[in-house]
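The following note is intended for a colleague who is meeting this structure for the first time. Please read the numbered points with the sequence and the model in view.

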Amino acid sequence: MKTATLCLLVSLSLRAQVPERYLPVVQHYSVEQGLTNRFVRDVFQDSRGFIWLSTHFGLNRFDGHAFTSYTAQSHGLRSNIIACVREDPDGWLWVFQIENAEIYYIQLLNPRTGEVQSVQDHFGGRRLPFE
């Protein structure tokens with residue numbers, strides 16, 4: 001009897017923890033919600049959880065509620081056509097920009113301050129972390 005009661009309690013507790021069905025919530029974002037351009041080339045999530053969207057008019061950071069845009073006009077990016085962004089071990093974002101359908105320029109963005117630097121300025125004559 002003790003075994004049957006224990007099995008029943010375990011079964012009921014497990015059933016209470018598992019939802020009957022999972023209904024995903026899908027939210028659509030566009031220019032009306034703050035995205036700088038509707039054409040998104042790449043999506044990247046950084047180590048702090050921010051979502052970065054590379055568009056044809058700048059880089060957009062999404063924090064789960066609102067967008068912050070980084071463009072040539074607002075932050076000094078060399079081009080507004082962003083191919084992709086990746087994060088290095090120090091937390092800097094490498095912003096790959098396009099012109100004439102090929103990678104044209106790479107700049108580094110400090111996501112904490114919004115500062116944009118060229119690769120040359122960032123490394124200041126030090127050896128690059130790759131060959």
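1. In this note, a contact means heavy atoms within 4.5 Å. With that cut-off, Asn 80 touches Thr 55, His 56, Phe 57, Gly 58, Thr 71, Ala 72 and Gln 73, leaving aside residues up to four places away in sequence. Asn 80 is placed in the loop between helix H2 (72-75) and E5. Its relative accessibility is 12%, so Asn 80 counts as buried. The side chains of Asn 80 and Gln 73 also make a polar contact, at 3.0 Å.

2. The status of the coordinates should be stated early: this is a predicted model. The protein chain has three helices and eight strands. In sequence order, these elements give the pattern α-β-β-β-β-α-β-β-β-β-α. The chain has 131 residues, of which 34% count as buried. Among contacts with a separation of 6 or more, 32% come from residues 24 or more positions apart.

3. Which residues make up the largest nonpolar core? This core has twelve members: Phe 44, Phe 50, Trp 52, Leu 59, Tyr 70, Leu 77, Ile 82, Val 85, Leu 93, Val 95, Leu 109 and Val 116. At least two of the core residues come from strand E5 (82-87), and at least two from strand E6 (93-99). A second core, separate from this one, has nine residues, including Ala 83, Trp 92, Trp 94 and Val 119. As general background, nonpolar side chains in soluble globular proteins tend to be buried together.

4. Val 85, one of the residues of the largest core, merits individual inspection. Not counting residues up to four places away in sequence, Val 85 touches Asp 42, Phe 44, Trp 52, Ser 54, Leu 59, Leu 93, Trp 94 and Val 95. Among these neighbours, Phe 44, Trp 52, Leu 59, Leu 93 and Val 95 are listed in the largest core with Val 85, whereas Trp 94 belongs to the second core.

5. How many salt bridges does a search of the whole structure find? The search finds one. The side chains of Arg 86 and Asp 42 meet in a salt bridge, with an N to O distance of 2.8 Å. Arg 86 lies in strand E5 and Asp 42 in strand E1, so the pair ties together parts that are 44 residues apart in sequence. Arg 86 is partly exposed, at 35% relative accessibility, while Asp 42 is buried, with a relative accessible area of 15%.

6. Asp 88 should be examined next. Asp 88 is found in the loop between E5 and E6. Asp 88 is buried yet has no salt bridge, and Arg 112, the nearest side chain of opposite charge, is 8.1 Å away. What does the side chain of Asp 88 reach at 2.9 Å? The partner is the backbone nitrogen of Asp 90. Beyond residues up to four places away in sequence, Asp 88 touches Trp 94 and Leu 108.

7. Asp 90 also has its place in the loop between E5 and E6. Is Asp 90 buried or exposed? Its relative accessibility is 63%, so Asp 90 counts as exposed. Asp 90 and Asn 110 are 20 residues apart in sequence, and their C-alpha atoms are 9.6 Å apart in space.

8. The structure holds six aromatic pairs. Tyr 29 and Phe 62 form one that is tilted, at 4.7 Å centre to centre and 55° between the planes. Tyr 29 lies in the loop between helix H1 (2-17) and strand E1 (40-45), and Phe 62 in strand E3 (residues 58-62), so the pair ties together parts that are 33 residues apart in sequence. The rings of Phe 62 and Phe 67 have their centres 4.7 Å apart and their planes at 40°, so that pair is tilted. Tyr 29, Phe 62 and Phe 67 form one aromatic cluster. Tyr 29 is partly exposed, at 36% relative accessibility, whereas both Phe 62 and Phe 67 are buried.

9. A final point concerns Ala 66, which is found in the loop between E3 and strand E4 (67-70). Ala 66 is partly exposed, with a relative accessible area of 39%. Ala 66 and Leu 35 are 31 residues apart along the chain, and 9.0 Å separates their C-alpha atoms.

Note on methods: Residues numbered from 1 in each chain as written. Predicted model: local features only at pLDDT ≥ 70, side-chain atom pairs only at ≥ 80, totals over all residues. Heavy atoms only, no water. Core = buried A, V, L, I, M, F, W, Y, C linked by side-chain atoms within 4.5 Å. Buried < 20%, exposed > 50% of the residue type's maximum accessible area, 1.4 Å probe, protein only. Helix = DSSP H or I, 4+ residues; strand = E, 2+ residues; numbered from the N terminus. Lys, Arg positive; Asp, Glu negative; His and termini not counted. Salt bridge = Lys/Arg side-chain N within 4 Å of Asp/Glu carboxyl O. Polar contact = N/O pair within 3.5 Å; in protein donor to acceptor, adjacent residues only side chain to side chain. Phe/Tyr/Trp six-rings, centres within 6.5 Å; stacked < 30°, edge-to-face > 60°.
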